[in-house]
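Here are some short exercises to work through with the model open beside you. Try each task on your own before reading its solution.

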Amino acid sequence: MDAQQVTGIVLAGGRGSRMGGVDKGLQNFNGMPLALHALLRLQPQVGESMVNANRNLAAYESFGVPVWPDAQTDYAGPLSGFLAGLEQCGTPWLATVPCDSPLFPTDLVQRLGEAAEREDAEIAMASAPEADGQQRTQPVFCLLRRELLESLVRFTHGGGRKIDQWTGQHRTVVVPFGPPRDDPRAFFNANTLAELRALERP
């Protein structure tokens, strides 16, 4: 899949409740905002990029890419970010990454795209081993066809909030990631400031 066919979005619209309500994407990680790390890691993998944020929009706009808040006022979780991205996406595909996993693979989008094309899927989703060693889906690391916008609008307007309930309605391929090819911490998400500091260490 040509990177120019993909728009990337960094999801930074969460409430940061497990981090004391702070704007997680703007927390310092190795000298720069966490969401900026994610954006700089994503940009070489896609043609266009943007950020989904609901607070401190001027700070996110300083990253130099478009910033789009959730279209819905009631917080609908990551699907709100998916929806904001699909509404603004001008390419056939949208790639989503969260702002709090700054070490995701530098070939994430390529590998999701290869699987989507091979399986003729509408959605490609990463899976990776978690702390207990079990391989689990990582649904916020996703590659979506732009045509899914209408489906997602219907789902969220009907009160749907769970990613797996929505993706289960579509042709979805799960793409395994993990050692030795990938960093063991590639999909670790920092939910607390202590976890963020730990992630900074090599």
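**Exercise 1. Find which residues of helix H1 are buried, and decide how enclosed the helix is.**

Solution. Start with the list: the buried residues of H1 are Leu-34, Ala-35, Leu-36, His-37, Ala-38, Leu-39 and Leu-42. Here, buried means under 20% relative accessible area, exposed means over 50%, and partly exposed lies in between (1.4 Å probe, protein chains only). Next, set the list against the whole helix: H1 covers residues 34–42, and seven of its nine residues are buried, so the rest of the structure largely encloses it. Helices (H or I, at least four residues) and strands (E, at least two) are DSSP runs, numbered from the N terminus.

A word on the source: this is a predicted model, in which local features need pLDDT of at least 70, side-chain atom pairs count only at pLDDT 80 or more, and totals for chains, interfaces and linings use all residues. Residues are numbered from 1 along each chain as its sequence is written, and side-chain values use heavy atoms, leaving out hydrogens and water.

**Exercise 2. Describe the overall build of the chain.**

Solution. First, count the elements: the chain has seven helices and nine strands. Then look at its extent: the C-alpha trace spans about 40 × 40 × 30 Å along its principal axes. Now compare it with a globule: for 202 residues, a compact one would have a radius of gyration near 17 Å, and the chain's 16 Å agrees with this. That radius is taken over C-alpha atoms, and the globule rule is 2.2 Å times the number of residues to the power 0.38. Finally, 50% of the 202 residues count as buried.

**Exercise 3. Work out the strand order of the open sheet and name its edge strands.**

Solution. Seven strands form the sheet, in the order E5-E4-E1-E6-E8-E7-E9, with mixed pairing. The edges are E5 (67–68) and E9 (172–176), each of which pairs on one side only. Two strands pair if DSSP finds at least two bridges between them. E4 and E5 are parallel and share two bridges; across them, Val-51 has Val-67 in E5 as its bridge partner.

**Exercise 4. Place strand E1 among its neighbours, and say whether its faces are covered or open.**

Solution. Begin with the partners. E1 (residues 6–12) runs parallel to E6 (residues 93–98), with six bridges, and Thr-7 stands opposite Leu-94 in E6. Six bridges also join E1 to E4 (residues 48–53), again in parallel, and Leu-11 has Asn-52 in E4 as its bridge partner.

Now turn to the faces. In a regular strand the side chains alternate between the two faces of the sheet. Val-6, Gly-8, Val-10 and Ala-12 are buried on one side, and Thr-7, Ile-9 and Leu-11 on the other, leaving both faces covered.

**Exercise 5. Compare two loop residues, Gly-14 and Glu-122: is each buried or partly exposed?**

Solution. Gly-14 lies in the loop between E1 and E2 (28–29). With a relative accessible area of 32%, Gly-14 is partly exposed.

Glu-122 sits in the loop between H4 (108–119) and E7 (123–129). At 17% relative accessible area, Glu-122 is buried. Its contacts (heavy atoms within 4.5 Å) beyond four places in sequence include Trp-93, Leu-148 and Arg-171. Glu-122 and Arg-171 are 49 residues apart along the chain, yet their C-alpha atoms are separated by 5.3 Å.
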